[in-house]
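Q: Could you take me through the ligand site in this model, piece by piece? I'd also like to hear about the charged pairs.

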Amino acid sequence: MLISVAVPVPQLDLLTYLVPDDVPRPPIGARVVVPLGSRVVTGLVVSHEPPQPAGELKPIQQVLDDSALVPEEIVSLALWTAEYYAAGPGDTIAAMLPPAARGLRADAHKTRRVAAITVAGTEALQTPDAPLTAKQREALELLAGTADGLATAALAGRGVAADAVSRLARRGLVSVRPERVDRDPFEAPALDVDVDRNRRLTAEQTRALERLSALADRREFRVAVLHGVTGSGKTEVYLRLAAAVRATERRVLMLVPEIGLTPAVASAFSQTFVDRVAVQHSGLSDGERHDQWQRIRRGDVDIVVGTRSAIFAPLQNVGLIVVDEEHDASYKQDESPRYNGRDVAVVRGQRAGALVLLGSATPSLESYHHATTGKYERVTLERRVLDRPLAAVTVVDMREEYAAAGPDVILGRTLAAAIGDRLGRGEQSLVLLNRRGFSTAVFCRQCAGTLDCPNCSVSLVIHGEGRARRARCHYCNYSARVPAACPLCAGPYLEQTGFGTERVEAEVTKAFPRARVARLDRDAVRRRGALTALLSKLKAGDIDVLVGTQMIAKGHDFPRVTLVGIVSADVGLGLADFRASERTFQLITQVAGRAGRGDQPGEAIVQTLYPDHYSIQLACRQDYPAFYEREVKFRREMRYPPFVSLVNLVIRARTFAGAMDDGADVAGRLREAAGNSFAVLGPAPAPLGKLRGEFRVQILTKGANRTRMRAALQAVLAARPDLAKRTTVDIDPLSVL
Ligand code: ADP
Ligand code: ZN
């Protein structure tokens with residue numbers, strides 16, 4: 001008997017193995033130990049009808065699970081994902097399993113030993129002259145007072161040592177059983193949210209909920225886009241819809257972009273569904289993740305809240321999948337398999353006959369497009385709850401600021417005055433700049449040279465000030481002291497140019513010495529727990545001004561924030577990416593949406609060099625439909641998604657010429673295969689032409705038929721196996737940079 005096995009080795013296809021006659025056939029979804037070359041690896045059985053390969057077959061060595069560890073439908077979803085994204089099936093399956101299950105350890109549970117008194121023990125206690133020491137009698141009395149016994153650790157805490165328990169157990173007076181401990185990821189809840197079960201929904205929320213519940217009740221596949229402005233109360237709709245679906249005996253998957261940045265949704269769900277909810281995200285320890293995965297697998301929970309990979313959670317009987325902030329780039333995995341959790345959610349929903357709900361204040365062009373053509377339903381929340389107004393937005397033309405106060409201005413007059421105003425009133429401000437570091441480049445005034453990364457084609461970013469200054473590469477983590485003289489011409493005039501969040505933090509502190517200023521970006525929250533600490537401080541009112549990158553734009557709900565300042569709204573606009581406008585619109589809309597969520601109205605101040613750019617203008621008006629109309633026209637004319645599909649191919653090589661040669665060869669073969677069914681652009685040097693010492697060239701294919709593009713590409717790479725390892729294939733890329 002033959003089986004098909006996925007092994008966690010990059011790029012490797014499914015392998016066929018023999019099951020010896022005396023071994024029962026392992027079910028699909030069970031783990032098996034198989035020989036692979038000179039190694040032995042753990043793989044997952046994915047099919048009982050493998051292709052019959054040529055050559056001699058090797059037998060499996062061991063079956064680790066006698067029933068499926070991974071439900072068959074999840075195995076099948078993973079295989080679909082691998083195929084769609086042109087990734088290895090083993091890779092994909094490894095990405096969806098909890099870390100502990102990938103290895104050979106069959107059970108990574110934390111267990112504890114629980115001692116309980118036996119019938120013989122109870123009798124001994126009641127026999128006055130039973131042969132018991134005082135200590136033993138005490139231990140038995142302790143246990144007799146409990147319903148299910150006590151953990152040995154708890155007994156030790158009360159002076160009953162482990163060997164005393166063992167002695168009692170040997171005499172049959174107590175029993176000792178191992179008990180599984182499910183680590184509780186909510187032991188220390190990140191942020192408490194007030195879930196008011198009796199709160200009355202707004203009229204809009206009620207209408208949205210009714211419509212969505214009706215869709216869910218049909219028990220058939222449907223996708224709905226919930227377009228709700230910031231602060232319109234989408235979370236409340238998710239919660240009630242989840243409760244309604246659960247009441248019909250079906251289960252719910254709730255995806256969120258990054259739990260650390262959006263703790264409120266996870267927190268609201270766990271407060272509402274208490275022990276029927278499991279959490280899956282990368283912030284958990286391996287053990288915690290494993291425990292949660294097992295709880296889901298056992299059917300102990302009805303609701304799973306998690307990030308991207310939770311779309312592969314082994315939850316059965318799913319009736320609803322919610323993707324919150326569906327436009328968010330963190331749904332896309334930036335290593336193989338390069339899947340988009342939102343898109344896999346739609347496929348999972350289709351297979352499960354479930355309702356898939358995509359929620360956002362700024363839906364992706366793709367999703368909204370489907371909502372306008374009728375392929376998806378559209379449900380809107382146009383107003384904020386409690387009639388709170390959207391933030392009033394002021395656009396500041398930075399060219400005028402430069403003319404008035406010189407080119408070094410970072411906080412313009414309007415923004416500085418507004419921050420001062422909030423400080424005076426005891427309200428909070430958020431200041432966004434989507435760029436980390438202190439200065440973004442170092443420039444020599446003598447030779448015009450810049451301080452570049454030795455491994456990558458980017459300039460180094462200066463972090464820190466004074467003696468603590470370091471020059472760092474944001475791509476490869478190269479880090480060096482900032483030289484006193486130019487390394488190219490030895491000239492003494494090195495000037496720092498450009499600015500990032502650290503500089504903004506310094507400027508705010510300089511302008512308002514008494515303000516409590518903090519910074520939220522990837523550098524500031526590297527330490528475990530730092531992010532939670534920062535958000536808690538903001539919530540407690542211990543921060544007056546929080547400066548940060550897009551991390552501050554995510555779904556936070558801080559009622560005392562009444563001002564949002566955007567220092568340079570155009571940071572992303574200059575990028576040669578077809579999503580540059582969409583990203584800019586989303587970022588401004590989302591961050592402006594953080595202001596005025598409490599009783600005080602909010603204000604947003606947007607500093608820009610391009611006050612007339614449509615994505616800035618329309619974001620300031622918070623006019624998503626107008627932005628969509630404008631942007632979709634551009635996409636249609638330029639032939640970009642959602643009107644065509646894209647595949648981004650990056651080929652790496654040790655030399656630039658080598659990369660270009662390989663690129664030309666691949667592009668030539670692709671053009672031949674394409675005929676006129678899709679376009680092949682390139683090869684061209686990738687926007688990041690050199691990364692970690694390797695040169696990179698890019699080929700972009702564009703066409704209506706994704707399957708044809710993928711097939712052509714796979715055929716070309718199969719013909720050049722030497723290249724496959726140096727080529728990255730990104731199907732439906734979010735960015736072509
Ligand atoms: P969104 O995700 O749409 O930006 P949230 O779900 O975060 O909005 O809701 C914004 C705020 O409004 C939250 O503080 C939430 O608790 C509150 N809220 C939601 N629905 C209601 C309601 N019906 N009545 C009062 N407050 C509400
Ligand atoms: Zn580098």
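What follows is a walk around the ligand, and then a look at some salt bridges.

A: Keep in mind that this is a predicted model. Let's start with who is around ligand 1. The shell holds 18 residues, and the ones that come nearest are R200, Q205, G231, K234 and D557. Sorted by class, the shell has 7 charged, 7 polar and 4 nonpolar residues.

Now for the polar contacts. D557 puts a polar side-chain atom 2.4 Å from an oxygen atom of ligand 1. With Q205, a polar side-chain atom sits 2.9 Å from a nitrogen atom of the ligand. R199 joins in too: an N or O atom in its side chain is 3.1 Å from an oxygen atom of ligand 1. As for cover, ligand 1 on its own has 560 Å² of accessible area, and the protein covers 84% of that.

Which helix gives the largest share of the shell? That's α9, spanning residues 234–247, with 3 residues. Helix α9 also holds a charged pair of its own: E236 and R240 both lie in it, 4 residues apart, or about one turn of the helix. The two form a salt bridge, with their closest N and O atoms 3.2 Å apart. E236 is buried, at 7% relative accessible area, while R240 counts as partly exposed at 22%. The cut-off for buried is under 20%, so R240 falls outside it.

You'll find a similar set-up to look at in helix α16 (residues 501–511), where E507 and R503 are 4 residues apart, about one helical turn. Their salt bridge has its closest N and O atoms 3.2 Å apart. E507 is buried, with a relative accessible area of 16%, and R503 is partly exposed at 22%.

A salt bridge can also link parts that are far apart in sequence, and K554 with D328 is the one to look at here. Their closest N and O atoms are 2.9 Å apart. K554 lies in the loop between β24 (545–548) and β25 (561–566), and D328 in the loop between β13 (318–324) and α12 (341–352), so the pair ties together parts that are 226 residues apart in sequence. Both of these residues, K554 and D328, are buried.

Why do pairs like these form? Side chains of opposite charge can pair when their charged atoms come close. Across the model, the count comes to 43 salt bridges.

Key: Residues are numbered from 1 along each chain as its sequence is written. Chains are lettered from A and ligands numbered from 1 in the order in which they are written. This is a predicted model: local features need pLDDT of at least 70, side-chain atom pairs count only at pLDDT 80 or more; totals for chains, interfaces and linings use all residues. Side-chain values use heavy atoms; hydrogens and water are left out. A residue is near a molecule or strand if one of its heavy atoms lies within 4 Å of it. A polar contact is a pair of N or O atoms within 3.5 Å; within protein, one must be able to donate a hydrogen and the other to accept it, and residues adjacent in sequence count only if both atoms are side-chain atoms. Accessible areas come from the Shrake-Rupley method with a 1.4 Å probe; for residues, only the protein chains shown count as cover. Helices (H or I, at least four residues) and strands (E, at least two) are DSSP runs, numbered from the N terminus. Ala, Val, Leu, Ile, Met, Phe, Trp, Tyr, Cys and Pro count as nonpolar, Asp, Glu, Lys and Arg as charged, and the others, Gly among them, as polar. A salt bridge is a side-chain nitrogen of Lys or Arg within 4 Å of a carboxyl oxygen of Asp or Glu. Buried means under 20% relative accessible area, exposed over 50%, partly exposed in between (1.4 Å probe, protein chains only).
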